[in-house]
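The following note was prepared for a colleague who wishes to review the fold before using the coordinates. The points proceed from the overall architecture to individual residues.

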Amino acid sequence: MTKIFISQPMNGKTTEEIENERNYIIDRLRENECVEIIDSFFKDKPYEASPLWYLGESIKLMSEADVVFFCNGWQTARGCQIEHDCALEYGIDTMYEEDLIFCLLKQSDYQIQPSYLLMVAKRRLVQIFIV
């Protein structure tokens, strides 16, 4: 089972907006039965936790991932940029939201059922294998 960590810009968004975006991505990723999503959205936090606290906790969780999935907007979000650098420097495969959209488009072009797809992220290249 492939463990996926989601890196998502959160600054300036409400909890509801963050959860809605995250749930949409999770639903798309879970169409493949061979993935486990690492829960990295912190609802219970220490009083007045700083952004650096969140980043530190996220990097701990990211260390367990096989793939880090970057939501749109990661390029301009400070925490996501740091998570991206960590993933690249420590050899964790990366996948980007635009890759997921590409996979869904290809899937509809070929009428392939989601349960038959296995997405393997390899540095901005997503290969689709029929299992």
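How many helices and how many strands does the chain have?

1. Overall composition. The model under review is a predicted one. Its chain contains 4 helices and 6 strands, and these succeed one another in the pattern β-α-β-α-β-α-β-α-β-β when read along the sequence. Of the 131 residues, 37% count as buried. Among contacts between residues at least 6 apart in sequence, 66% join residues at least 24 apart.

2. The sheet. An open sheet is formed by 4 strands with parallel pairing, in the order β2-β1-β3-β4. Its edges are β2 (35-37) and β4 (93-96), each of which pairs on one side only. From one strand to the next, the twist averages 30°. Strands of a sheet pair through backbone hydrogen bonds, either parallel or antiparallel.

3. Strand β3 and its partners. Strand β3 runs parallel to β1, to which 4 bridges join it; within this pairing, I4 has V67 of β3 as its bridge partner. Another 4 bridges join β3 to β4, again in parallel, and V68 stands opposite T94 of β4. Both faces of β3 are covered: V67 and F69 on one side, and V68 and F70 on the other, are all buried.

4. Helix α1 over the sheet. Helix α1 (residues 15-29) lies across β1 (2-7), β2 and β3. Its direction is at about 155° to that of β1.

5. The nonpolar cores. The largest nonpolar core comprises 14 residues, and those with the most contacts inside it are F5, I38, M62, V68, F70, W74 and I92. At least two residues of this core come from each of α2 (51-62), β3 (67-70) and α3 (78-89), with α3 giving the largest share, 3 residues. A second, separate core has 12 residues, including I6, I25, I37 and F69. In soluble globular proteins, nonpolar side chains tend to be buried together.

6. Contacts of I38. Which residues is I38 in contact with, leaving aside its neighbours within four places in sequence? They are K3, I4, F5, R22, L61, E64 and A65. I38 is also among the residues with the most contacts inside the largest core.

7. Helix α2. At 1.5 Å a residue, the 12 residues of α2 should span 16 Å, and the separation of its end C-alpha atoms, 16 Å, agrees with this. L55, S58, L61 and M62 are buried in this helix. Seen down the axis of α2, the buried residues fall within an arc of 125°, so they line one face of the helix. An α-helix has 3.6 residues a turn, so residues three or four places apart point the same way. The buried residues of α2 pack against β1, β3 and α3, whereas the face turned away from the buried side carries the exposed residues L52 and K60.

8. Helix α3. The same check applied to the 12 residues of α3 gives an expected span of 16 Å, with which the 17 Å between its end C-alpha atoms agrees. Here C80, E83, H84, C86 and A87 are buried. These residues cover an arc of only 165° around the axis, which puts them on the same side of α3. The buried residues of α3 pack against β1, α2, β3 and β4. On the face turned away from the buried side are the exposed residues R78 and E89. Just after the helix, G91 takes a positive phi of about 70°.

9. The loop residue N72. Where does N72 lie? This residue is in the loop between β3 and α3. With a relative accessibility of 41%, N72 counts as partly exposed, because that class lies between the buried limit of 20% and the exposed limit of 50%. N72 touches P9, E97 and E98, not counting residues up to four places away in sequence. N72 and Q8 are 64 residues apart in sequence, and their C-alpha atoms are 7.7 Å apart in space.

Note on methods. Residues are numbered from 1 along each chain as its sequence is written. This is a predicted model: local features need pLDDT of at least 70, side-chain atom pairs count only at pLDDT 80 or more; totals for chains, interfaces and linings use all residues. Side-chain values use heavy atoms; hydrogens and water are left out. A nonpolar core is a set of buried Ala, Val, Leu, Ile, Met, Phe, Trp, Tyr and Cys residues joined through side-chain atoms within 4.5 Å. Buried means under 20% relative accessible area, exposed over 50%, partly exposed in between (1.4 Å probe, protein chains only). Contact means heavy atoms within 4.5 Å. Two strands pair if DSSP finds at least two bridges between them. Axes are lines fitted to C-alpha atoms, for helices over the stretch in contact, and angles run from 0 to 180 degrees between N-to-C directions. The expected span of a helix is 1.5 Å times one less than its number of residues. The arc is that of the directions from the helix axis to the C-beta atoms.
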